[in-house]
Amino acid sequence: MYRKSMVLILIAAAAVLASGCASLGVKPWQRDVLARADMQLDSEPLTHAIDDHMYFSKEASSGGRGFAGGGCGCN
Amino acid sequence: MQLKPKVSVGADASRMRAKVARRRLIAASCALLGATAARSQDATKSAADSMSDEWAFDSALAYYHESGRVKAIEPIVNLSKTYGDGRTFSGQVVFDSLSGSSPNGALTSTKVQTFASPSGKSLSAAPTTYTTSSGQLVSESAPIYTINPGQLPVDPSYHDQRLSMSGNWGLPISRLTTTQVGGKLSYEHDFVSVSANAGVSRDFNQKNTTLSFQLNDEFDRLSPIGGAPVAASDYALFQKGGGKTKDGVGAMLGLTQVMNRRWLTEFNLSVDRFKGYLNDPYKIISVIDPSGNTTGYLYERRPGTRTRKVAYWENKAAWGRLVLDGSLRYMADSWHVRSDTAEFSARWWNFDRDRYIEPTVRWYRQTAANFYTPWLDSGGSKYIDYASADSRLAAFHAYTVGLKYGAKIEDSEDQSSSEFNVRVEYYQQTLDHRTPGPGSLQGLDLYPGLKAILVQVGYKF
């Protein structure tokens with residue numbers, strides 16, 4: 001039940017994004033906050049790399065943010 | 001005579017003001033162009049710094065310690081640069097050094113258990129004697145270890161080192177379209193991995209929407225210490241062969257959307273398929289009789305293919321001095337593992353925006369692979385289809401709590417800025433579906449779980 005709900009939420013989110021993209025967004029002069037370093041999706045690449053490696057070696061899941069491979073013989 | 005220095009100071013100040021103004025203009029230009037809205041545009045520094053044709057340097061040293069088990073030290077360095085024509089480069093070098101005790105997959109017992117280290121060829125405690133090519137007689141102690149009753153079987157001599165290098169290039173081919181290529185090489189003494197990736201991203205809707213597509217190809221070569229064991233073979237027979245390989249391909253479709261002036265969202269769908277030798281060559285399974293006695297061990301055997309599908313949704317929002325980051329991930333694979341991950345962090349800046357603290361929480365749960373079993377019954381079939389006692393394929397849930405502190409260091413000489421940060425995390429894994437052991441194993445903790453801490457110190461400029 002929970003899993004179905006989770007999938008439905010993700011699909012709904014994708015549908016909202018896909019259908020509403022054209023009406024979303026900002027004008028070029030409204031990007032002051034979005035241009036900040038801490039607002040980038042990749043603002044902490046090393047923290048992500050360290051976390052991804054830790055979780056890759058301890059859990060059965062990986063990827064999502066990037067590719068799931070680990071380049072590591074630990075799992 | 002006194003005029004000259006005054007002129008010089010004035011000129012320096014003027015040059016400095018011009019430099020600051022230039023940087024602010026660059027930042028403003030970047031903001032107007034929306035150059036940093038999408039992940040594909042790889043902005044690891046502020047807009048002004050990224051476009052200043054200088055290298056951005058990011059480094060960290062991580063220390064990881066599992067309670068009673070493995071500890072690791074991991075230095076990591078990232079260099080990135082955005083060129084004036086829009087090309088980008090990012091390179092990363094990672095070195096890991098691991099040592100300590102690693103579970104071998106066997107079950108806790110009420111009796112002493114004896115195991116051979118991966119290089120061992122016998123379970124006998126008698127020393128190995130052999131003659132070298134120069135005729136010298138050498139006697140070596142047997143590479144075995146024993147585990148006391150009630151303790152989880154772990155190989156105490158586990159150690160490994162890894163060197164990994166990766167590079168990614170972004171090449172704009174038009175005002176709205178960027179291609180990206182990259183590669184990664186990872187080396188351990190018993191494992192080598194090579195991967196290559198390529199992708200393309202395109203902006204729409206005044207660069208508020210970015211669609212991206214990437215492909216990845218990975219090839220791994222395993223050279224386990226002592227050889228790769230024959231899957232499902234008797235542990236005591238030491239049936240081992242040479243090296244093995246596995247390879248995988250993956251594809252990812254991504255959508256990044258600017259929702260409003262303070263909110264950015266990303267949605268990724270990815271699929272990958274690995275095939276080849278997917279066993280863990282160092283993992284075994286206990287064979288248990290109805291009384292709870294261990295009658296032997298088998299090497300694990302996993303399917304030769306694995307397909308994973310992942311949906312990932314991340315949101316980032318700024319509100320005043322607060323930056324919020326939340327993500328959800330769902331994964332399903334052909335081994336019937338299903339997992340949910342939720343992660344949330346909140347960065348809180350001080351009034352001057354030169355210090356921040358960032359609490360993080362992460363929650364994770366997974367179901368077991370359909371061939372996971374903590375032990376095999378001695379009365380069962382001698383032939384097993386697939387079986388693994390690796391707890392990473394068991395049903396469990398885990399949580400992480402962490403705190404990060406960062407401080408910016410301003411250099412008034414050249415108006416540059418660097419950052420020092422430190423992060424501490426605690427991770428705990430608890431196994432679900434704790435099937436009680438038969439006979440004498442009842443009452444023993446067969447599913448001890450995992451507790452670990454991570455300390456990371458970083459510096460970037």
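Here are some questions and answers about this predicted model of two chains, A and B.

Residues count from 1 along each chain as its sequence is written, while chains are lettered from A and ligands numbered from 1 in the order in which they are written. Because the model is predicted, local features need pLDDT of at least 70 and side-chain atom pairs count only at pLDDT 80 or more, while totals for chains, interfaces and linings use all residues.

Q: How many residues of chain B are in contact with chain A?
A: Two residues are in contact if their C-beta atoms, placed from the backbone, lie within 7 Å. On the chain A side, 48 residues take part. On the chain B side, the number is 86.

Q: Which helix gives the most to the largest nonpolar core?
A: A nonpolar core is a set of buried Ala, Val, Leu, Ile, Met, Phe, Trp, Tyr and Cys residues joined through C-beta atoms within 7 Å. Buried means that 20 or more other C-beta atoms lie within 10 Å of a residue's own, again placed from the backbone. The largest core has 30 residues, with A:Ile50 and B:Ile76 among those with the most contacts inside it. Six of its residues come from the top contributor, α2(A).

Q: Which residues of chain A does B:Ile76 touch?
A: Leave out residues up to four places away in sequence. Within chain B, the partners are B:Ser59, B:Ala60, B:Gln92 and B:Val94. From chain A come A:Leu46, A:Ala49 and A:Ile50.

Q: How many residues of α2(A) are buried?
A: Helices here are DSSP runs of H or I, at least four residues, and strands are runs of E, at least two, numbered from the N terminus. What covers the buried residues of α2(A) includes β1, β2, β3, β24 and β25 of chain B. Among those buried are A:Asp51, A:His53 and A:Lys58. Out of 14 residues in this helix, the buried count is ten.

Q: How far apart are the end C-alpha atoms of α2(A)?
A: The expected span of a helix is 1.5 Å times one less than its number of residues. With 14 residues, α2(A) should therefore span 20 Å. The distance in the model agrees, at 20 Å.

Q: What distance separates the centres of the two domains of chain B?
A: The bounds come from an automatic or database domain assignment, which gives domain 1 as 34-110 + 155-460 and domain 2 as 113-147. Their contact takes 13 residues from domain 1 and nine from domain 2. Taken over C-alpha atoms, the centres are separated by 36 Å.

Notes. A residue is buried if 20 or more other C-beta atoms lie within 10 Å of its own, exposed if 12 or fewer, and partly exposed in between; C-beta atoms are placed from the backbone.
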